[in-house]
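Let's take a walk through this fold together. Have the model open and follow along.

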Amino acid sequence: MELRTTGYDHPDAQLLTAEVQQEYIRRYGEVDETVMHPEHFVPPQGTFVVAYLDGAPVACGGWRAKESGGPGLQDGDAELKRMFVLSAARGKGLARAVLRHLEGSAAEAGRARVILETGTEQPEAVALYTSEGYQPITKFGIYRESPLSICLGKELGPA
């Protein structure tokens with residue numbers, strides 16, 4: 001696997017994020033309407049990476065800086081977004097590798113905690129995050145009132 005920092009607006013990132021939206025439609029019946037902008041993922045306030053196998057983009061994920069000001073948010077948060085692995089590439093540890101890379105990047109940028117919102121229809125994601133030490137946190141974001149929403153967080157140590 002090769003991991004490249006691409007930015008959110010890179011064609012390979014856009015291809016994979018379009019695929020994750022199709023996954024949301026299959027699982028929830030609609031796309032994720034969270035507002036996303038490429039500038040959210042520009043260092044040092046965020047990053048977006050694409051994982052490649054044999055030169056083909058197969059997984060992605062990013063984080064963007066968040067601060068207190070809404071329910072569940074704290075100064076120094078890094079919000080994970082668009083963690084995804086193509087179905088043909090699953091089971092190879094790619095999501096875990098992307099996650100650990102993003103956590104390291106967030107810690108290096110001085111972020112104190114990684115937070116994320118996932119859902120009840122993504123048991124694989126919930127299993128990954130809990131196996132990596134993520135714990136339930138106060139719900140945040142546009143889906144915080146949804147019974148299908150699950151919000152998790154993990155404190156980061158020094159980089």
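Where does arginine 82 lie? Look in strand β4 and you'll find it. Keep in mind that this is a predicted model, so everything here was computed from its atoms. The backbone at arginine 82 is a bit of an oddity: phi is positive, about 55 degrees, although the residue is not a glycine. Most residues other than glycine have a negative phi, and most peptide bonds are trans. Arginine 82 also counts as buried, at 4% relative accessibility.

While you're on β4, turn to the pockets. The largest pocket holds about 860 Å³ of space. It is lined by 35 residues, and those closest to its centre are Tyr24, Met83, Thr118, Gln122 and Ala125. Two or more lining residues come from each of α1 (11-28), β4 (77-85), α2 (94-108), β5 (113-119) and α3 (123-131). Of these elements, β4 gives the largest share of the lining, six residues. Sort that lining by character and you get 17 nonpolar, seven polar and eleven charged residues.

Now for the second largest pocket, with about 220 Å³ of space. Here 16 residues do the lining, and Thr34, Lys66, Glu79, Gly141 and Ile142 are the closest to the centre. β4 turns up again, since β3 (56-66) and β4 each supply at least two residues of this lining. The split in the second largest pocket is six nonpolar, three polar and seven charged.

What about the inside of the protein? The largest nonpolar core has 24 residues, and the ones with the most contacts inside it are Leu80, Tyr129 and Tyr134. The elements that put two or more residues into this core are β2 (46-53), β3, β4, α2, β5 and α3. This time α2 makes the largest contribution, with six residues. Zoom in on tyrosine 129 and, leaving aside neighbours within four places in sequence, you'll see contacts with Leu80, Met83, Leu99, Leu116, Tyr134 and Leu152. There is also a second, separate core of twelve residues, with Ala13, Leu16, Tyr24 and Met36 among them. Tyr24 is worth a second look, as this member of the second core is also one of the residues closest to the centre of the largest pocket.

On to α2 itself. The helix has 15 residues and spans 21 Å from its first C-alpha to its last, close to the 21 Å expected at 1.5 Å a residue. Its buried residues are Leu94, Val98, Leu99, Leu102, Glu103, Ser105, Ala106 and Ala107. An α-helix has 3.6 residues a turn, so residues three or four places apart point the same way. With that in mind, follow Leu94, Val98, Leu102 and Ala106 along the helix, all of them on the buried list. Arginine 100 is also found in α2, but this residue is partly exposed, with a relative accessible area of 47%. Its C-alpha is separated by 8.8 Å from that of glutamate 132, which is 32 residues away along the chain. Just after α2, glycine 110 takes a positive phi of about 90 degrees.

The loops have their own points of interest. Between α1 and β2, the loop contains proline 44, which a cis peptide bond joins to proline 43, with omega at about 5 degrees. In the loop between β2 and β3 sits aspartate 54. Like arginine 82, which has a positive phi, aspartate 54 has one too, about 50 degrees, although it is not a glycine. How much of it can be reached from outside? Aspartate 54 is exposed, with a relative accessible area of 86%, whereas arginine 82 is buried.

Leucine 86 is in the loop between β4 and α2 and is partly exposed, at 24% relative accessible area. Not counting residues up to four places away in sequence, leucine 86 touches Leu16, Glu19, Pro57 and Val58. Leu16, you may recall, is a member of the second core. The C-alpha atoms of leucine 86 and cysteine 60 are 9.2 Å apart, with their positions 26 residues apart along the chain.

Finish at serine 149, in strand β7 (residues 149-155). Serine 149 is buried, with a relative accessible area of 4%. Setting aside residues up to four places away in sequence, serine 149 touches Glu117, Thr118, Lys139 and Tyr143. Thr118 brings you back to the largest pocket, as one of the residues closest to its centre.

Note on methods
Residues are numbered from 1 along each chain as its sequence is written. This is a predicted model: local features need pLDDT of at least 70, side-chain atom pairs count only at pLDDT 80 or more; totals for chains, interfaces and linings use all residues. Side-chain values use heavy atoms; hydrogens and water are left out. On a 1 Å grid over the protein atoms alone, a cavity is a set of points where a 1.4 Å probe fits but cannot get out, and a pocket is an open set with protein on both sides within 12 Å along at least five of seven lines; lining residues have an atom within 4 Å of a point. Grid points are joined across faces, edges and corners, and a volume is the space filled by probe spheres set on the points. Helices (H or I, at least four residues) and strands (E, at least two) are DSSP runs, numbered from the N terminus. Ala, Val, Leu, Ile, Met, Phe, Trp, Tyr, Cys and Pro count as nonpolar, Asp, Glu, Lys and Arg as charged, and the others, Gly among them, as polar. The expected span of a helix is 1.5 Å times one less than its number of residues. Buried means under 20% relative accessible area, exposed over 50%, partly exposed in between (1.4 Å probe, protein chains only). A nonpolar core is a set of buried Ala, Val, Leu, Ile, Met, Phe, Trp, Tyr and Cys residues joined through side-chain atoms within 4.5 Å. Contact means heavy atoms within 4.5 Å.
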